[in-house]
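Hi everyone, thanks for coming. I'd like to walk you through one structure today, so please have a look at the screen.

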Amino acid sequence: MDKVTTKADAAAEKRGWTRHIPLALILGVAVLGAFTLRDYLSFDTLRDNREALLAFRDDHFLLLAGGFVALYIVIVAFSLPGAAVASVTGGFLFGLVLGTLFNVVAASIGACAIFWAARLGLGQALTAKMAASEGTVAKLRKGLEENEISVLFLLRLVPAVPFFVANLLPALVGVKFRNFALTTVLGIIPGALVFTWIGVGLGEVFDRGESPDLSLLWEPQILAPLLGLSVLAALPIVIKALRGRKAGE
């Protein structure tokens with residue numbers, strides 16, 4: 001009986017170890033890509049190959065569109081450098097409407113891939129610990145559950161939050177996947193529109209011998225609407241907090 005139990009425990013331990021492989025693979029590829037791909041996934045590469053890309057698009061539109069979406073998913077899923085370049089490229093190659101659509105679809109699929117890699121690994125253990133915790137951790141967990149969608153929207157809309165953080169953190173604290181997917185798709189649309197819009201005019205920028213100016217993202221006319229959306233996302237949290245304070249008085 002002890003031998004059977006020991007074998008079962010060993011098998012369970014092995015399964016527990018293997019569930020960390022997807023996240024470990026993502027982190028490993030991300031570190032490797034940060035050192036090896038930065039010079040390739042750049043605006044200089046796009047400028048040097050733009051004529052070939054445009055010609056290929058005209059001759060093989062569906063193939064290029066599928067390849068673009070697949071490459072973008074890989075970039076996001078493995079947190080590789082070049083996500084901003086890919087977003088701008090979407091506008092350059094496919095225009096505002098299709099470019100935004102492809103960018104949102106690819107970024108959302110890549111984000112969901114990271115979410116599940118983290119959820120199946122570290123996320124399960126951390127979620128279980130949070131569920132068994134008391135005191136401050138329990139209060140934080142309860143607050144997150146009550147305001148899950150608002151918090152997830154804030155992670156997407158606040159420009160200062162890195163994209164990979166907004167993908168990993170929700171998986172580690174046990175948010176519902178459907179809420180993560182919904183807020184990801186809707187929350188990245190404003191930023192995707194801005195990046196794609198920059199890409200639409202990229203040809204003229206290259207003709208002038210310049211590189212795209214992504215500092216445009218911090219201009220008041222762009223930043224103000226994003227911050228406004230962030231405030232709207234935070235309102236339910238503030239209202240619930242105020243109601244809770246009044247009820248406790």
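Before the tour, one term, since I'll use it a lot: a pocket here is an open set of grid points where a 1.4 Å probe fits, with protein on both sides within 12 Å along at least five of seven lines. A pocket's volume is then the space filled by probe spheres set on those points. And please keep in mind that this is a predicted model.

Let's start with the overall fold. The protein chain has 13 helices and zero strands. Reading along the sequence, you simply meet one α after another: α-α-α-α-α-α-α-α-α-α-α-α-α. Of the 249 residues in the chain, 36% are buried.

Now to the pockets. The largest pocket has a volume of about 1000 Å³. Its lining is made up of 40 residues, and those nearest the centre are A83, V161, P162, F163 and F195. Several helices contribute two or more residues to that lining, namely α2 (21-36), α5 (61-77), α6, α8 (148-157), α9 (163-172), α11 and α13 (220-248). Which helix supplies the largest share of the lining? That would be α6, with seven residues. As for chemistry, the lining of the largest pocket comprises 32 nonpolar residues, seven polar ones and one charged one.

Next, the second largest pocket, with a volume of about 310 Å³. Here 18 residues form the lining, and L41, L46, L53, L71 and T89 sit closest to the centre. Three helices, α3 (43-48), α5 and α6, each bring at least two residues to the lining of this second largest pocket. This time α5 provides the largest share, six residues. By type, the lining of the second largest pocket splits into 12 nonpolar and six polar residues, with no charged ones.

While we have L46 in view, let me show you a residue paired with it in space. F92 and L46 are 46 residues apart in sequence, yet their C-alpha atoms are 9.8 Å apart. F92 belongs to helix α6. Is F92 buried or exposed? F92 is buried, because its relative accessible area is 10%, and the cut-off for buried is under 20%.

Let's move out to the surface. There is a nonpolar patch there, formed by L96, V97, I149, L182, V185, L186, I189, L193, W197 and V200, with about 850 Å² of accessible area together. Three helices each give at least two residues to the nonpolar patch: α6 (83-132), α10 (177-187) and α11 (189-200). The biggest contributor is α11, with four residues. One patch member to click on is V200, which is found in helix α11. V200 has a relative accessibility of 45%, so V200 counts as partly exposed.

One last stop, for those of you who like backbone geometry. Where does S79 lie? You'll find S79 in the loop between α5 and α6. The phi angle of S79 is near 50°, a positive value in a residue other than glycine. S79 is partly exposed, because its relative accessibility is 30%.

To recap, then: we have a chain of 13 helices, a largest pocket to which α6 gives the largest share of the lining, a second largest pocket where α5 takes that role, and a surface nonpolar patch to which α11 gives the most. Thanks for listening, and I'm happy to go back to any of these spots.

Technical notes
Residues numbered from 1 in each chain as written. Predicted model: local features only at pLDDT ≥ 70, side-chain atom pairs only at ≥ 80, totals over all residues. Heavy atoms only, no water. Patch = residues over 30% accessible without salt bridge, like charges linked within 9 Å, V, L, I, M, F, W, Y side chains within 5 Å. Areas by Shrake-Rupley, 256 points an atom, 1.4 Å probe, with all protein chains shown as cover. Salt bridge = Lys/Arg side-chain N within 4 Å of Asp/Glu carboxyl O. Buried < 20%, exposed > 50% of the residue type's maximum accessible area, 1.4 Å probe, protein only. 1 Å grid on protein atoms, 1.4 Å probe; cavity = no way out; pocket = protein on both sides within 12 Å on 5 of 7 lines; lining within 4 Å. Nonpolar A, V, L, I, M, F, W, Y, C, P; charged D, E, K, R; others polar.
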